[in-house]
Amino acid sequence: MTCKLLLLSAALVLPGFAQGPRAPQPAAAPQDAITAALPVIPVAKFNLMDYGAAGDGKTLNTDAFKSAVDAIAKAGGGHLIVPAGTFKTLPFVLTSHMDLPFVLTSHMDLHLEAGAIIKAPDTFEEYGIPDPNKAAPPQPGGRGGFGRVAPLISCPTGTTDLAITGSGTIDGSGAMFWMWSDKAARRYPPGRAVVPRPVLVSLTGVERLHVDGITLTNSPMFHLVPRGQDITIENLRIVAPSDAPNTDAMDPGGQRIVIRNCEIDTGDDNVALQSGSHDVLIEDLTCLHGHGISIGSPTRNGLSHVIVRRCTFNGTDNGLRIKSYRGNGGEVHDIRYSDIVMKNVRRPFDINMLYNGNAGLATDVGPRQAAPGQTQNIPNFHDIHVTNLTVTRSPMAGRILGIPEQMANAITFTNVKIQSTRGFLVQDGKDIVFDNARIDVAIGEPLVLDNASVKWNGTQKSGSSGGPPDPFY
């Protein structure tokens, strides 16, 4: 019966809801034709209120969500409508076992209507977690018996045809977790409790995923973790306080990924593209607070064929960033940025093959020289191209930090105009080209070289010149 329903649903179209072709796109895409197949969602609609939900902001609706998801699974898929109201819930899963063995099919759209809020609990007590204000102090760096909480919304690996759409909000109630994070603990003497933080929406191992129109806010940790193939993320607003720790907006990974038309204002990476990804298009993003559009830091499985275009940054910590380090590095290549505008960005462009940002030190730059025997999984960054970049009011123009045994290479900047306090550092890099480039600086030289080879507007420069690299650390 399930198979018949799925075949019937493929021919139905419901305007305004996620709908797409039956088959994914080919394994690779040409230069500017990266697309992702959309999920197939049957026309049937299921209202959350019919399963005992109460949108009063007080009642826990976990059972209502589970019952509705089970009903949709039994029917072969459909749209779960969440109406206006605040629906508090513990974690729940967006799929159920179907008749076919070893296949988790969803064919489901979680649709949040205007005014709908899915909200995580406001207290540790509702999660069943001991109150860290009352718990016995753990050993330094320990968790003191606090268990890890599942993502508020998730799905099992192997799920197909899944969507979250609409104009409502998913709220992670993250403030209580931020106060007891590992980063918060650094401000206290050793022994302060650390409560592991959950992700807000984790959809990993999915084939054909569509997230469209919703707002994600106040996640305890990462807001959206989409992993798999044929992923479309569009028209989202993702917001958290600028000092909320590790609140990445989205950490996508996989192949045939399209991210577009999103506004992001968070406390960590606006986008953090994961190792192993390829055929990725990111376009028309507005990034406010956050750590920029990043690749890495783990790059061991490589990343390639990534296009980032028509994005704006205002007040962002970083702009365009590629980061990794010895021991967890790999090949990153065929990365293209175009039509990028930045204002008040602390570090507009950053390639850092010495990344050490998780060490809690004053700099995110690790040792330049390799430790004895440190020869495995070395970053290899090349064929990276930037076209039409405009930067104003930045403390520095940018930096490229290679490693002596594997220089960053074949990196080009075309039609670049930067106004900054300090210039652009190239350290341990070769075959770097600036063409039709202008960098206006208030301090020092526009270009600082340290063991580097750069072609600057037609003039070859090599060696070390322009001043010390230390200010760029």
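Okay, let's start with one residue: arginine 438 counts as partly exposed, at 49% relative accessibility. You'll find arginine 438 in strand β26, which covers residues 408–441. Keep in mind that this is a predicted model.

So who does arginine 438 touch? Leaving aside neighbours within four places in sequence, arginine 438 is in contact with Val416, Lys417 and Ile418. Valine 416 sits 22 residues away along the chain, yet the two C-alpha atoms are separated by 6.2 Å. The side chain of arginine 438 also makes a polar contact of 2.9 Å with the side chain of aspartate 440.

Let's zoom out. The protein chain has 5 helices and 28 strands. Of its 473 residues, 56% count as buried. Take the contacts with a separation of 6 or more: residues 24 or more positions apart account for 69% of them. As for the outside, the chain exposes about 18,600 Å², and carbon and sulfur atoms supply 52% of that.

How confident is the predictor? The average pLDDT of the chain is 90, and 89% of the residues score at least 70. Confidence is highest in strand β12 (residues 215–217), with a mean of 99, and lowest in helix α1 (residues 2–9), with a mean of 34. Over residues 1–29 the pLDDT is below 50, although this stretch has 63 contacts in the model beyond near neighbours in sequence. Residues 98–103 are also below 50, with 6 contacts of that kind. Where pLDDT is low, please don't read the predicted coordinates in detail.

Now a helix. Which residues of α2 are buried? They are Thr62, Ala64, Phe65, Ala68, Val69, Ile72 and Ala73. Here's a general point that helps with a list like that: an α-helix has 3.6 residues a turn, so residues three or four places apart point the same way. You can check the length of α2 too. Its 14 residues, 62–75, should span 20 Å at 1.5 Å a residue, and the end C-alpha atoms are indeed 20 Å apart. Just after α2 comes glycine 76, with a positive phi of about 90°.

Next up is aspartate 230, in strand β13 (residues 224–234). Is aspartate 230 buried or exposed? Its relative accessible area is 0%, so aspartate 230 is buried. Its side chain has polar company, though: a polar contact of 2.9 Å joins it to the side chain of arginine 256. A polar atom of the aspartate 230 side chain also lies 3.0 Å from the backbone nitrogen of alanine 37.

Last topic: salt bridges. The count comes to 24. One of them pairs glutamate 126 with lysine 88, with the closest N and O atoms 3.5 Å apart. Glutamate 126 is in helix α3 and lysine 88 in strand β4, so to speak a link between distant parts of the chain, 38 residues apart. Glutamate 126 is partly exposed at 25%, whereas lysine 88 is buried at 7%. Both belong to a network of salt bridges that links Lys88, Lys119, Asp122 and Glu126.

Another salt bridge joins the side chains of arginine 197 and aspartate 182, at 3.2 Å from N to O. Arginine 197 lies in the loop between α5 and β11, and aspartate 182 in helix α5, so the pair ties together parts that are 15 residues apart in sequence. Arginine 197 counts as buried at 6% relative accessibility, while aspartate 182 is partly exposed at 37%.

Note on methods. Residues are numbered from 1 along each chain as its sequence is written. This is a predicted model: local features need pLDDT of at least 70, side-chain atom pairs count only at pLDDT 80 or more; totals for chains, interfaces and linings use all residues. Side-chain values use heavy atoms; hydrogens and water are left out. Helices (H or I, at least four residues) and strands (E, at least two) are DSSP runs, numbered from the N terminus. The expected span of a helix is 1.5 Å times one less than its number of residues. Buried means under 20% relative accessible area, exposed over 50%, partly exposed in between (1.4 Å probe, protein chains only). A polar contact is a pair of N or O atoms within 3.5 Å; within protein, one must be able to donate a hydrogen and the other to accept it, and residues adjacent in sequence count only if both atoms are side-chain atoms. Contact means heavy atoms within 4.5 Å. pLDDT is the predictor's confidence in each residue, from 0 to 100. Accessible areas come from the Shrake-Rupley method with a 1.4 Å probe; for residues, only the protein chains shown count as cover. A salt bridge is a side-chain nitrogen of Lys or Arg within 4 Å of a carboxyl oxygen of Asp or Glu.
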